[in-house]
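The following exercises are to be worked with the sequence and the model at hand. Each task is followed by a solution in steps.

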Amino acid sequence: MLKYIIKRLIGVIPILFLVSIFIFLFVHLIPGDPARLVAGQDATIQDVENVRKELGLDQPIHIQYFSFISGIFQGDLGISLKTSRPVFDEIAIRFMPTFWLTFWSMVWAVIVGLLIGVISSTKRNKWQDYLGMFGAVSGISIPSFWMGLLLIQLFAVQLGWLPTGGLDSWKSYILPSITLGSGVAAVIARFSRSSMMDILKDDYIRTGRAKGLKENKVVWGHGLKNAMIPVVTMTGLQFGFLLGGSVVIETVFNWPGLGRLLIDSVAFRDYPVIQAEMLLFALQFILINLIVDLIYGFLNPQIRYD
Amino acid sequence: MKNRYWFKLVMLLILSIIVLIGCSDAASEGEGSNTDAEDAEAQETAVKEGKDLTIAVAANFISLDPHDTNDTLSYSAEKTMLEGLVGFDKDMNVVPVLAKDYSVNDDATEFTFELEEGVTFHDGAPFNAEAVKVNLDRLTAPDSTLIRSSLFELIEETEVVDEFTVKVKLSEPFGAMINTFAHPAGMLISPQALEEYGDDVSQNPVGTGPYVFEEWQPGDHLTVTKNEDYWNATGNEVDSITFVPTPENGTRVAMLQTGEADFIYPVPTEQAESINGTEGIIVENAQSIVVYYLAMNNLKEPFNDVRVRQAINYAINKEAFIEVVNNGFASPLDSIIAPDTQFYSGQSPYEYDVEKAKELLVEAGYEDGFNTTVWGANSSTAMNAMEFIQQQLAQINIELEVVPMESGTLSDSIWSVENPEDAEMEMYYGGWSPSTGDADWGIRPLVGGEDAYPPNSYNTAYYNNDEVNSLIADGLATGDPSEREQAYADVQEVIWEEAPWAFLTVDDTIFGKKNYLEGIYLLPDGSLSVENLEIVQ
Amino acid sequence: MANPETSGLATEMALDQNVEKSSPVKDFWRKFKKQRLALVAGVFILILVIIAIIGPVITPYSSDEPDYANVLQGPSLEHLAGTDNYGRDIFSRILEGTRISLSVGTISVLLGALIGTILGLISAFYGKWVDSIIMRICDVLFAFPGILLAIGIIAILGPSLVNVVIAISIFSIPNFARIVRSSALSIKSTVYVEATKSIGAKNRRIIWKHIFPGTISSIIVNFTMRIGTAILTAASLSFLGLGAQPPTPEWGAMLSGGRDYLSTAPHLTFYPGLAIFLTVLAFNLFGDGLRDTLDPKIKD
């Protein structure tokens, strides 16, 4: 087991290396001159050249890549072109807001999604099923910026119950996590529903019913435990996606997270920040995949790691 | 049967919720849309608890070092903490700040400043002639990579005459130099802080202003607190000001409505009327110095024909443009620069006249019109503007393709040009804010001949006219205001007649505040002024 | 832009190949008609397709003719969904937009499905390092935030609806690749394919004749559901200013363009928003129904 984890972790390095080249080339391929963008409106050509020199953008591209990658090995992610602050600080300050928003969105989405999924599966093609799936799927069918703006209008402006966003108290989390989580809840509901339907027809469930176990116990006990495996995979994956920060939702709710950092950095062609953030996403994604695989094995001991 | 019933009932419930959300918005429209300024005045003063203000702004701050800043928003924050020798008042007139008085010699090469005495920086360092010299030397150092160095490059020497007198010598005459000193880039940083932090002073601004830097969490907020020892205190300063970048228009407005913010800018023009006079909100607007224009590539057919350029000016209904694009919060542009820019001289407008436009096109040989492309930003206002121009030009058979571009792509498309003749740009919709408030900076970068062609500067119209070029030079060669005025009056007349652009609008600055705030406003250059801020309950 | 539905592991659809009995169509219909939500959704989609085809004929007004005397009018008998900030009839624009939004959804997913399926089949059939490389590429694409990809593609290629389609189709590739790969893997291991292989059939033939047909139903299900995601992604791109060029009446562009009027003239966003919502909902519910019907693991 430990050997497996170590092996997987070592396998991460070449992937990250490939990712770094890919990211570097892709980012530099996008048209746009960071020196001019940083120098800003009404800058003269000398201003732009000054900035270019100051930022090291007058170096050949392979030298820039080399200094980027060697910086990483020394734990130095470089300096933001836009704010001249260390890239590490820029990212660190935004990681926790995105993490907690993701976390709370996932918590409610998994609970609600599972409830809807399980209930729907036991009442297949009855009104509870229709209502549940209709509700869940609705959550994934609304453009998120519209939903966010409507929620702000309703709960913040009209009713005055909740703040519009920001990061001031626990109340600030409610509207953004509803918006962010609604899509996840739909996915979890769908998954747990079909997974449960699959399990509920299995022999041992039938046996359980035949033995006279209470229906609730059959469904929530035996059924759910076995239906969890694909749901866990799904949850992990979704967590990975959301950790990248949602550009749209963070913009609407004024959330100081990674998604907004990315869109701001892209607008300024702030190469070091974009590159570092992308590497972080790739790393997160790979690690979460690993954790999901481990949980998978825990739930289903038949899987061997080799 | 029973199940069916429930199913229907629940469906009905969901539908009604959707409709309710829709209607609750509609309801607010009814209350708000008919208010006017008098209603806004008449409403009761909202209640403010404490003396900590929150200001929601549209973008992130980039730097807090005025010498290395190139965006109006960062300047707004810096101006709460830092001050310059001179500054701008509400109408962009140069007024003394840290300099009690100043004088200029006749050929505009020597500027002498008498300084305020007894002023200290936030870190205790004294403000004196030496401090001024340290700042100007920083800007003019030969190896300086500061963004704003170029504004001060004409300074040959800064001389400390006595403790509170400083003389600045220029290498050549530059009549507009006093405006450069009033520009926020001329604000002064504590020499002690410059020593201590070096270029990291952009994270640790130390000035002489009414507020002291507290903390800056990029992307989240920037907080400044009251300077208890402010030399020019009004006694009305608030305890703290927190700036919150809020890019989404709807959210920014919502923050003002819920009271999460006390002041927001800009207010999206679409919502300005509906929130004015509700929930203790006052929306105020004033003419800015930001001009919007449609540049035409004068090197290319058909725009190399002045009749075509004039036809386009006649074909665009500026009043309708202002209604549709700016919801009324703008004025027609009637020169190349806005009225609050120094040495502005208004011209007689190109009245909206489709027939005349068609005639001019026929004369120029384009009776069937032509196809062309306009580039511009992908913000909703810019897209609205280009879409409107598209509709207007369709009337004279010009088929316009609108190409909105993301900021980086746009700047690359415009400025990565090797030879002017190869420029792909046909038309460009953009805006210009002459941040020094002087005519020169509103004209020379934009139409100042070959020297100003991209990538060197902002002559996106690729306009090159010898008469214009020499008039621009005349305007700079003297410090005498009346001679400068004459040169700029002439140049504005020629440019208006030649129409290198379709002249569009001067936008309003527009902000929203709770009605307990007084003395806080936007300057015509779009930066914020809080010097006279107070809370009135 | 982390579309939850971009999840690659819709693996629960790994198909068993022995279900297709004498009359698959009849069998399908027998099961499908029990899915009432999906039936309604299907009818709705059919109506949308009809509108998309005949749209321009039935619009009461031109979709891009401005009328400055009638801007921001609320819904009325004259203008069923009101007018926008240029005085254009929103109802007409929505009708015209049906064709655009449906095309964006369908074409982009079609492209993504095509490439994804080929990659998935190759990956599953050849295994070993081919599989590793393709799957690692998919991992990288997955980890790559869609928004950056979209900005990059649209910045490089220029802003247009076609490039929006290309950007969205690239998001869909890894999704299809994974799903097709996993269902192809389960087919590959069946005795039947092993036997075909051992009698020396050509690789291409085995993939095409024996493995591909088994993956079709999972492709169809995924295809249906991805269309909704694609329409939503196009809307998000419009929100970021990277969508269709004006005056294209694409629903996402209308929704995003009207959002500054949300509190003063809500009809500007309400109707395009509703159109997107109902359409995406219909595709999702229809897809769910298809899956319930086509997935042999789920029995009545």
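Two strands pair if DSSP finds at least two bridges between them. Helices (H or I, at least four residues) and strands (E, at least two) are DSSP runs, numbered from the N terminus. This is a predicted model, in which local features need pLDDT of at least 70 and side-chain atom pairs count only at pLDDT 80 or more, whereas totals for chains, interfaces and linings use all residues. Residues are numbered from 1 along each chain as its sequence is written, and chains are lettered from A and ligands numbered from 1 in the order in which they are written.

**Exercise 1. Determine the strand order of the open sheet formed by four strands of chain B, and place helix H4 of chain B relative to it.**

Step 1. Strand E6 (residues 110-115) of chain B pairs with strand E8 of chain B in the antiparallel sense, over five bridges. Within this pair, B:Thr112 has B:Lys167 as its bridge partner.

Step 2. Strand E7 (residues 155-162) of chain B is antiparallel to E8(B) and is joined to it by six bridges. Here B:Lys167 is the bridge partner of B:Glu159, and B:Leu170 is that of B:Ile155. With two residues between them, E7(B) and E8(B) form a hairpin.

Step 3. The order in the sheet is therefore to be read as E5-E6-E8-E7 of chain B, with antiparallel pairing. Strand E5 (99-104) and E7 of chain B are the edge strands, each pairing on one side only. Direction ignored, neighbouring strands are turned by 20° against each other on average; axes are lines fitted to C-alpha atoms, for helices over the stretch in contact, and angles run from 0 to 180 degrees between N-to-C directions.

Step 4. Helix H4 (residues 129-140) of chain B packs on this sheet and touches E6, E7 and E8 of chain B. The direction of H4(B) makes about 170° with that of E7(B). Contact between two residues requires that their C-beta atoms, placed from the backbone, lie within 7 Å.

**Exercise 2. State which side chains of strand E8 of chain B are buried, and explain why strand E19 of chain B is largely enclosed.**

Step 1. A residue is buried if 20 or more other C-beta atoms lie within 10 Å of its own, exposed if 12 or fewer, and partly exposed in between, with C-beta atoms placed from the backbone.

Step 2. In E8(B) (residues 165-170) the side chains alternate. B:Val166, B:Val168 and B:Leu170 point to one face and are buried, while B:Thr165, B:Lys167 and B:Lys169 point to the other and are not.

Step 3. Strand E19 (residues 501-514) of chain B is largely enclosed by the rest of the structure because 14 of its 14 residues are buried.

Step 4. The antiparallel partners of E19(B) include strand E14 (residues 281-296) of chain B, joined by twelve bridges, with B:Val283 opposite B:Gly512. Strand E15 (residues 330-332) of chain B runs antiparallel to E19(B) with three bridges, and B:Ser331 stands opposite B:Val506. Two bridges link strand E13 (residues 263-264) of chain B to E19(B), also antiparallel; B:Phe263 has B:Lys513 as its bridge partner.

**Exercise 3. Describe the composition of chain A and the side of chain A that touches chain B.**

Step 1. Chain A contains 13 helices and zero strands. Of its 306 residues, 52% are buried.

Step 2. Taken along the principal axes, the C-alpha atoms of chain A fill a box of roughly 85 × 55 × 30 Å. Among contacts in chain A with a separation of 6 or more, 70% are between residues 24 or more positions apart.

Step 3. The contact with chain B takes 53 residues from chain A and 47 residues from chain B. On the side of chain A, H7(A) gives the largest share, eight residues. That side divides into 23 nonpolar, 16 polar and 14 charged residues; Ala, Val, Leu, Ile, Met, Phe, Trp, Tyr, Cys and Pro count as nonpolar, Asp, Glu, Lys and Arg as charged, and the others, Gly among them, as polar.

**Exercise 4. Characterise the side of chain C that touches chain A.**

Step 1. The contact takes 46 residues from chain C and 48 residues from chain A.

Step 2. H10(C) supplies ten residues, the largest share of the side of chain C. The residues of this side comprise 26 nonpolar, nine polar and eleven charged.
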